[in-house]
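Colleague: Could you take me through one part of this model in some detail, namely how its helices sit against each other and what lies around that meeting place? I would enjoy one connected account.

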Amino acid sequence: MDAELDAMLRLVREREGLSSDEAAMEFLLTRGVRINGYRMTGRGRALYPVTGDCRD
């Protein structure tokens, strides 16, 4: 990781009370998906993890 990314992840970890860089990255990714989903549809959407075989 470069210094700028490391600094940003450290800031997110401290602000959100997260324990690792991975948790900070997941937080940022989830937040981005939620914000962009809202921008596209105009509505909030729930995010659920996909488990098991999704093929029918």
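**A close look at the helix pair**

Modeller: Happy to. Let me start with T30, which counts as partly exposed at 27% relative accessibility. The model is a predicted one, and T30 belongs to helix 2. From T30 to L47 there are 17 residues in sequence, while their C-alpha atoms lie 8.4 Å apart in space.

Now for the helix around T30. Helix 2 covers residues 21-41, which is 21 residues. From its first C-alpha to its last it reaches 30 Å, close to the 30 Å expected at 1.5 Å a residue. Just after helix 2 comes G42, with a positive phi of about 75 degrees.

Its partner, helix 1, runs over residues 3-16 and has 14 residues. Helix 1 spans 20 Å between its end C-alpha atoms, again close to the expected value, here 20 Å. G17 follows helix 1, and its phi is positive too, near 70 degrees.

How do the two helices meet? The axes of helix 1 and helix 2 come within 9 Å and cross at roughly 85 degrees. Helix 1 is therefore roughly perpendicular to helix 2, because a crossing angle from 65 to 115 degrees counts as such. Helix 1 brings D6, M8, L9, V12, R13 and E16 to the contact, and helix 2 answers with D21, A24, M25, F27 and L28. Sorted by character, the residues of this contact are seven nonpolar, four charged and no polar.

On the nonpolar side, L28 is a good residue to follow. L28 sits in helix 2 and touches M8, L9 and V12, leaving aside residues up to four places away in sequence. Between L28 and L9 the sequence separation is 19 residues, and the C-alpha to C-alpha distance is 9.1 Å. Even so, L28 counts as partly exposed, with 27% relative accessibility.

Next along the chain is L29, also placed in helix 2. Is L29 buried or exposed? It counts as exposed, at 60% relative accessibility, because the cut-off for that class is over 50%. The C-alpha atoms of L29 and L9 are separated by 12 Å, with their positions 20 residues apart along the chain.

Helix 1 has a leucine to look at as well: L11 has its place there. With a relative accessible area of 48%, L11 is partly exposed. Its C-alpha lies 13 Å from that of E22, and the two residues are 11 apart along the chain.

That leaves the charged residues. Side chains of opposite charge can pair when their charged atoms come close. How many salt bridges does the structure hold? There are three.

One of them, D21 with R13, brings us back to the helix contact: both residues are listed there, D21 from helix 2 and R13 from helix 1. The closest N and O atoms of D21 and R13 are 2.3 Å apart. D21 has a relative accessible area of 17% and is buried, because that value falls under the 20% cut-off. R13, at 22%, is partly exposed.

Another salt bridge joins R10 and D6, where the closest N and O atoms are 3.4 Å apart. Why can this pair face each other along one helix? R10 and D6 are four residues apart in helix 1, so about one helical turn separates them. R10 is partly exposed, with a relative accessible area of 37%, and D6 is partly exposed as well, at 29%. D6 also appears among the helix 1 residues that meet helix 2.

The remaining pair is R15 with E16, whose closest N and O atoms lie 3.9 Å apart. That distance qualifies because a salt bridge asks for atoms within 4 Å. R15 is exposed, with a relative accessible area of 59%, whereas E16 is partly exposed, at 36%. E16 has a second role to note, since E16 is one of the helix 1 residues in the contact with helix 2.

Terms used: Residues numbered from 1 in each chain as written. Predicted model: local features only at pLDDT ≥ 70, side-chain atom pairs only at ≥ 80, totals over all residues. Heavy atoms only, no water. Expected span 1.5 Å × (residues − 1). Salt bridge = Lys/Arg side-chain N within 4 Å of Asp/Glu carboxyl O. Buried < 20%, exposed > 50% of the residue type's maximum accessible area, 1.4 Å probe, protein only. Contact = heavy atoms within 4.5 Å. Axes fitted to C-alpha atoms, helices over the stretch in contact; angles between N-to-C directions. Parallel < 35°, antiparallel > 145°, perpendicular 65-115°, else oblique. Nonpolar A, V, L, I, M, F, W, Y, C, P; charged D, E, K, R; others polar.
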